[in-house]
Amino acid sequence: MPDIESRLAAIERKLQEAEDRLAIYQLIASYGPSVDSNSFEAVKNLWTEDGVYDIPSGRRVGREEVGRVIETDLHKSLVARGCGHVLSLPHIVISGDTAVATGYQNVFAREGKTWLVERTSVHRWELVRLSEGWKVKHRIARMLDGTEAHRAILGRAVRVPDSQ
Amino acid sequence: MPDIESRLAAIERKLQEAEDRLAIYQLIASYGPSVDSNSFEAVKNLWTEDGVYDIPSGRRVGREEVGRVIETDLHKSLVARGCGHVLSLPHIVISGDTAVATGYQNVFAREGKTWLVERTSVHRWELVRLSEGWKVKHRIARMLDGTEAHRAILGRAVRVPDSQ
Amino acid sequence: MPDIESRLAAIERKLQEAEDRLAIYQLIASYGPSVDSNSFEAVKNLWTEDGVYDIPSGRRVGREEVGRVIETDLHKSLVARGCGHVLSLPHIVISGDTAVATGYQNVFAREGKTWLVERTSVHRWELVRLSEGWKVKHRIARMLDGTEAHRAILGRAVRVPDSQ
């Protein structure tokens, strides 16, 4: 029955890719609720054991240290005002058991009767598939401040190979 | 043919979950266009017959009353300025015929030459699968204002069972 | 084997629709990184050869002209400040080899220590499936400014047929 077998194999491969995309959306959609509710375990568990979060204030290595991002004075002051880390629908490229997601993050915080955009940054998430699911191996964030650093992160995601 | 049967069953189960996630994204992506265009029927039809929308200004019970959220003076003044209810990519947990989606909503409204973030709030959507598709049974919104209410909604979505 | 055949056929049809939705999310998530990194080829390649981008400043016809949207003085000044074109999770309706996606776009740009919402607009993307994937045939953007134009774009997406 080669026909059924080949159809099943094609279906399984395509379905796996769809599930991977949805799992990566879910991972990224978990970040905001985790940090904005001060859920240390939830933040920590998004990363691999030795995962890195490279942010403008410094490089955090290992998921314990990444999780402690919620303990900074800056984070505490944002949470006290009311803050939302809102991640955009990411661009995703999957290659087997690794993937790269690229997108924006806005941090909104209350200021009087409206909310300010405290930060807009771009994020590159390098992900790996472990037995327990997709995890962050390396995430880099750069402020959207007109310097080359953030444009390079965005451009790398959408580069057209033939045109280089 | 146990092998083909079990593969088909696994595929059907996983595909259903993927379709459910995509249907819930679609439902949530419908809310903004519905309220911002004053489409009463479209707003109403997102909820179940007896669905609830629990917002800071009060609790709306039944989809007729929920749909009339577009008739408030506040909503009319926002629409007159130009407003967008922009929902974030939600975190979703599906359990059979029910699901919970958690995310953020920003309301942007024009003010002179730029737009203000009039409101940032967090939303928990309790959904049910009916014969006509996924509908909102209960949705609660709380302002992102530094009080415990919004953090509890976010934290509930990402709580790590083992760590409690 | 009618049973297996009909199950496979149903699976293939549903999986195609899920893949189409995910491919359209990916296309839309590519736009911001493309324009914000000044990636002409990447912007251009989102459109069909004769695709149109109808924006408040004028109608751009053909993907070369669409790609040159990054060459305007307005775009250059935004990029110099640091800017993010952030597209919302879109509402999508697929009909065979065509699709319509509707959603919001916010342009955030740095201003001192925070970011301003320079523009909030609504977007209707008319898409076609080509051999190389989904492409934009026609995209229209209208400012969220309280005029009827943007409400019409949003309302058209969510209109309930039975209620008209």
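Me: What is the area buried between chain C and chain B, and what share of it do carbon and sulfur atoms give?

Reply: Interface size is often expressed as the accessible area that is lost when the parts come together. In this predicted model, about 3,000 Å² is buried between chain C and chain B, and carbon and sulfur atoms give 68% of that area. Three residues, C:Arg7, C:Leu89 and C:Tyr104, supply 21% of the area that chain C buries against chain B, more than any other three residues.

Me: How many residues of each chain are in contact there?

Reply: On the chain C side there are 35 residues, in contact with 39 residues of chain B.

Me: How many salt bridges and polar contacts are there between chain C and chain B?

Reply: The count is two salt bridges, along with 10 residue pairs in polar contact, both residues being at pLDDT 80 or more. C:Arg7 forms a salt bridge with B:Glu5, with 2.8 Å between the closest N and O atoms.

Me: Which elements of chain C give two or more residues to the side that touches chain B?

Reply: They are α1 (2-36), β4 (91-95), β5, β6 (114-130) and α5 (148-158) of chain C. The largest share, 10 residues, comes from α1(C). By class, the side of chain C that touches chain B has 20 nonpolar, eight polar and seven charged residues.

Me: How many salt bridges does a search of the whole structure find, and why does the pair A:Glu12 and B:Arg7 join two chains?

Reply: Over all chains the search finds 42 salt bridges. In one of them, A:Glu12 pairs with B:Arg7, the closest N and O atoms being 2.9 Å apart. A:Glu12 lies in helix α1 (residues 2-36) of chain A and B:Arg7 in helix α1 (residues 2-36) of chain B, so this pair joins two chains.

Me: Now the empty space. How many cavities of 30 Å³ or more are there, and how much space lies in the largest cavity?

Reply: Empty space shows up when a probe the size of a water molecule is rolled over the atoms. Here the whole structure has four cavities of 30 Å³ or more, and the largest cavity holds about 220 Å³ of space. Its lining comprises 22 residues, and the closest to the cavity centre are A:Val86, B:Val86, C:Val86, C:Leu87 and C:Ser88.

Me: Which elements supply at least two residues of that lining, and how does the lining divide by class?

Reply: β3 (83-87) and β5 (98-111) of chain A, of chain B and of chain C each supply at least two residues. The lining of the largest cavity has 14 nonpolar and eight polar residues, and no charged residues.

Methods:
Residues numbered from 1 in each chain as written. Chains lettered and ligands numbered in written order. Predicted model: local features only at pLDDT ≥ 70, side-chain atom pairs only at ≥ 80, totals over all residues. Heavy atoms only, no water. 1 Å grid on protein atoms, 1.4 Å probe; cavity = no way out; pocket = protein on both sides within 12 Å on 5 of 7 lines; lining within 4 Å. Points joined across faces, edges and corners; volume = space filled by probe spheres on them. Helix = DSSP H or I, 4+ residues; strand = E, 2+ residues; numbered from the N terminus. Nonpolar A, V, L, I, M, F, W, Y, C, P; charged D, E, K, R; others polar. Contact = heavy atoms within 4.5 Å. Buried area = accessible area lost by both parts, 1.4 Å probe. Salt bridge = Lys/Arg side-chain N within 4 Å of Asp/Glu carboxyl O. Polar contact = N/O pair within 3.5 Å; in protein donor to acceptor, adjacent residues only side chain to side chain.
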